[in-house]
Amino acid sequence: MGAAYFYHLTRAPLEATLPTLLDRARQAGWRVAVRGRSKDRMVWLDDKLWLGGDEGFLPHGLAGGPFDKDQPVLLTTEADSPNGAACVMAVDGAEVTPEEVNTLERVCILFDGNDHTAVEIARDQWRKLTGAGCAAQYWSQEDGAWAKKAESGGS
């Protein structure tokens, strides 16, 4: 049984935070699906990941190609996971179900703390998932370093 980790982005944008989380998930041996709501946004994120920083190459692909099942990190707008992801990282308010939280190793929900709508969507997701008995943690970077601010043990 997995858990949902909520990441409240206030100091660094998604394109700066996501590679670090993806690297950690890959170090755990997990395949990852990065789920968004807009194909255009996934293309934009794909470009950002390809341009990456000095940390090194992050192997990934954009859903819809012939090698989706082989991708260690797959950017998608769909709920299915052709790459057999053990971890879903939901961005831009993408939907996550309690069933996913309970069957995957980890679900990460990343949201922009400077966007009131994104914060409200994340709050709704927290209530929905914890209300369904899912374990959840809330992480914030408001003081600079990441710190766990809340936890719900699930059932």
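Trainee: In this predicted model, which residue of strand 8 is the bridge partner of Y138?

Mentor: The bridge partner of Y138 in strand 8 is A150. Five bridges join strand 7, residues 136-140, to strand 8, and the two strands run antiparallel.

Trainee: What makes strand 7 and strand 8 a pair?

Mentor: Two strands pair if at least two bridges are found between them. Strand 7 and strand 8 are joined by five bridges, therefore the criterion of at least two is met.

Trainee: Why are strand 3 and strand 8 said to stand at the edges?

Mentor: The open sheet has eight strands in the order 3-4-2-5-6-1-7-8, with mixed pairing. Strand 3 (61-62) and strand 8 (147-152) each have a single partner strand, so one side of each is left without a neighbour in the sheet.

Trainee: How many bridges support the pairing of strand 3 with strand 4, and in which sense do they pair?

Mentor: Strand 3 and strand 4 pair in the parallel sense over two bridges. The requirement is at least two bridges, so a count of two satisfies it. Within this pairing, G61 has L74 of strand 4 as its bridge partner. Strand 2 and strand 4 are also parallel, over four bridges, and V32 stands opposite V73 in strand 4.

Trainee: What shows that both faces of strand 4 are covered?

Mentor: V73 and L75 on one side, and L74 and T76 on the other, are all buried. Buried means under 20% relative accessible area.

Trainee: Which helices lie across the sheet strands, and at about what angles do they run?

Mentor: Helix 2, residues 39-51, lies across strand 2, strand 3, strand 4 and strand 5, and runs at about 150° to strand 4. Helix 4, residues 116-131, lies across strand 1, strand 6, strand 7 and strand 8, and runs at about 155° to strand 6.

Trainee: Which residues of the largest nonpolar core touch the most other members?

Mentor: That core has 25 residues, and L18, L22, V32, V34, M89 and L110 touch the most other members. Two or more residues come from each of strand 1, helix 1 (14-27), strand 2, helix 2, strand 4, strand 5 and strand 6. Helix 1 gives the most, with five residues. Leaving aside neighbours within four places in sequence, L18 is in contact with V34, L45, M89 and L110. A second, separate core of 19 residues includes A33, A85, V101 and V107.

Trainee: How do you know that C87 and C108 are not bonded through their sulfurs?

Mentor: A disulfide requires two cysteine sulfur atoms within 2.5 Å. The sulfur of C108 is the closest cysteine sulfur to that of C87, but lies 4.3 Å away, too far for a bond. The count comes to zero disulfides. C134 is likewise in no disulfide, its nearest cysteine sulfur, that of C108, being 14 Å away.

Trainee: Why are C87 and C134 called buried?

Mentor: The cut-off for buried is under 20% relative accessible area. C87 has 1% and is therefore buried, and C134, at 0%, also counts as buried.

Trainee: What makes the contact between K128 and E95 a salt bridge?

Mentor: A salt bridge needs a side-chain nitrogen of Lys or Arg within 4 Å of a carboxyl oxygen of Asp or Glu. The side chains of K128 and E95 meet at 2.1 Å, N to O, so the pair qualifies under the 4 Å limit. K128 lies in helix 4 and E95 in the loop between strand 5 and helix 3 (98-103), so the pair ties together parts that are 33 residues apart in sequence. The whole structure holds seven salt bridges.

Trainee: Where do D124 and R127 lie, and what is the N to O distance of their salt bridge?

Mentor: D124 and R127 both lie in helix 4, three residues apart, about one turn of the helix. Their side chains meet at 2.5 Å, N to O.

Trainee: Why is E151 called exposed, whereas K148 is called partly exposed?

Mentor: Exposed means over 50% relative accessible area, and partly exposed lies between 20% and that value. E151 has 53% and is therefore exposed, whereas K148 has 41% and is partly exposed. These two residues form a salt bridge, with the closest N and O atoms 3.0 Å apart.

Key: Residues are numbered from 1 along each chain as its sequence is written. This is a predicted model: local features need pLDDT of at least 70, side-chain atom pairs count only at pLDDT 80 or more; totals for chains, interfaces and linings use all residues. Side-chain values use heavy atoms; hydrogens and water are left out. Contact means heavy atoms within 4.5 Å. Axes are lines fitted to C-alpha atoms, for helices over the stretch in contact, and angles run from 0 to 180 degrees between N-to-C directions. Buried means under 20% relative accessible area, exposed over 50%, partly exposed in between (1.4 Å probe, protein chains only). A nonpolar core is a set of buried Ala, Val, Leu, Ile, Met, Phe, Trp, Tyr and Cys residues joined through side-chain atoms within 4.5 Å.
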